[in-house]
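Please take the sequence and the structure together and follow the description below step by step. The account begins with strand pairing and then turns to packing and side-chain contacts.

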Amino acid sequence: MYAHASILRMDDTPTDTYGPERPDMKIGIIGAGNIGGNLTRRLTALGHEVSVANSRGPHTLTDLAAETGATPVAVGDAARGAEVVVITIPLKAIPDLPAGVLDGAAEGVAVLDTNNYYPQQRDGRIAGIEDEGLTESRWTERQIGHPVIKAFNGTYAQDILDRPRPAGDPDRVALPVAGDDEAAKAKIRALIDEIGFDTVDAGGIDDSWRQQPDTPVYGLRGGVDEVTKALSEASPERPAAFRG
């Protein structure tokens, strides 16, 4: 979601691992806006090796690299060797990603899609979503030719830095996570747990309409029970404000 991210110095960045300790991973992040920037901050603070890319080129990411220790790269190099790739760019830009953008990723790479469809506000009308009834993430899968896991799409960017909590904390926020690849979903859920949030399995990608914009779970800062209830209350009808 669009929230202004404050810049943290390295010595201000939280370094606590809030889930079970796991081996550090190589993670590629495509998109360095509010969500991508704060995931870069959080994941580097946890010790992961992060490569980050944006549409304007590595030379525009020197400040973020200096702050976090992440490696700025071209978009086509972001997935190289990565066990997790995060795609967090405007939905309308997905078709403009380089062909084979995931080539060179580690075997079994999990692709995390944080995107939302904002037809009136940003993206314009996308026929596959509007006419074919595809969920936003199913449409994204078709563009990149790889399964995705949908998470963080309804999360306020600043919460990635401000709201991590240890497992069992009564104030721990839960995030819905949807996807068809169970191994990739488990990898993403474990990473989110390490970041400091609980997760709720929101079903497959064809079920991910339950967490699209203007659903009850979108923007919800609730625990597992609240998120589960909100997912069950979602309507499959796309609201007028989010139709092109």
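In this predicted model, strands β2 and β3 pair in the parallel sense, over 2 bridges. Within this part of the sheet, V52 stands opposite P72 of β3. The pairing belongs to a wider arrangement: 8 strands form an open sheet in the order β3-β2-β1-β4-β5-β6-β7-β8, with mixed pairing. Because β3 (71-72) and β8 (198-201) stand at the edges and each has a single partner strand, one side of each is left without a neighbour in the sheet.

Further along the strand order, β4 has β1 as a parallel partner, over 4 bridges. One of the pairs concerned is G28 with V85, the latter being the bridge partner in β4. Strands β4 and β5 also pair in the parallel sense, over 4 bridges; here D113 in β5 is the bridge partner of I87.

Where do the side chains of β4 point? V84 and V86 point one way from the strand, whereas V85 and I87 point the other way. The general principle is that side chains in a regular strand alternate between the two faces of the sheet. In β4, all four of these residues, V84, V85, V86 and I87, are buried.

Helices cover parts of this sheet. Helix α7 lies across β1, β4, β5, β6, β7 and β8, and runs at about 165° to β7. Helix α8 (residues 224-232) packs on the sheet as well, touching β7 and β8, and its direction makes about 30° with that of β8.

The next topic is the nonpolar interior. In soluble globular proteins, nonpolar side chains tend to be buried together. In this model, the largest nonpolar core has 30 residues, and I27, L39 and F152 have the most contacts inside it. Several elements each supply at least two residues of this core, namely β1 (26-30), α1 (34-45), β2 (49-53), β4 (84-87), β5 (110-113), β7 (174-179) and α7 (182-195). The largest share, 5 residues, comes from α7. The surroundings of L39 illustrate the packing: leaving aside neighbours within four places in sequence, L39 is in contact with I29, V86, F152, I160 and I195. There is also a second, separate core of 26 residues, which includes V101, V111, I129 and I144.

I144 leads to helix α5 (residues 136-144), which is mostly covered, with 7 of its 9 residues buried. The buried residues are E136, S137, R138, W139, T140, E141 and I144. They pack against β4, β5, α4 (127-130) and β6 (149-150). After α5 comes G145, whose phi is positive, near 70°.

Which residue of α5 forms a salt bridge with E141? The partner is R138, and the closest N and O atoms are 2.6 Å apart. An α-helix has 3.6 residues a turn, so residues three or four places apart point the same way. E141 and R138 are 3 residues apart in helix α5, and therefore about one helical turn separates them. E141 counts as buried because its relative accessibility is 11%, and R138 is likewise buried, with a relative accessible area of 17%.

The model has 19 salt bridges in total. Another of them joins R172 and D193, with the closest N and O atoms 3.0 Å apart. Since R172 lies in the loop between α6 (159-162) and β7 while D193 lies in helix α7, the pair ties together parts that are 21 residues apart in sequence. Both R172 and D193 are buried. In addition, salt bridges that share partners join R138, E141, D180 and D206 into one network.

Are the partners R125 and D131 buried or exposed? Their side chains meet in a salt bridge at 2.5 Å, N to O. R125 counts as partly exposed because its relative accessibility is 48%, whereas D131, at 54%, counts as exposed.

The last contact to consider is between aromatic rings. A search of the whole structure finds 1 aromatic pair. The rings of Y118 and F242 have their centres 6.1 Å apart and their planes at 50°, so the pair is tilted. This pair links distant parts of the chain, 124 residues apart: Y118 is in the loop between β5 and α3 (119-123), and F242 is in the segment after α8. Both Y118 and F242 are buried.

Technical notes
Residues are numbered from 1 along each chain as its sequence is written. This is a predicted model: local features need pLDDT of at least 70, side-chain atom pairs count only at pLDDT 80 or more; totals for chains, interfaces and linings use all residues. Side-chain values use heavy atoms; hydrogens and water are left out. A nonpolar core is a set of buried Ala, Val, Leu, Ile, Met, Phe, Trp, Tyr and Cys residues joined through side-chain atoms within 4.5 Å. Buried means under 20% relative accessible area, exposed over 50%, partly exposed in between (1.4 Å probe, protein chains only). Contact means heavy atoms within 4.5 Å. Two strands pair if DSSP finds at least two bridges between them. Axes are lines fitted to C-alpha atoms, for helices over the stretch in contact, and angles run from 0 to 180 degrees between N-to-C directions. Rings of Phe, Tyr and Trp (its six-membered ring) pair if their centres lie within 6.5 Å; planes under 30 degrees apart count as stacked, over 60 as edge-to-face and the rest as tilted. A salt bridge is a side-chain nitrogen of Lys or Arg within 4 Å of a carboxyl oxygen of Asp or Glu.
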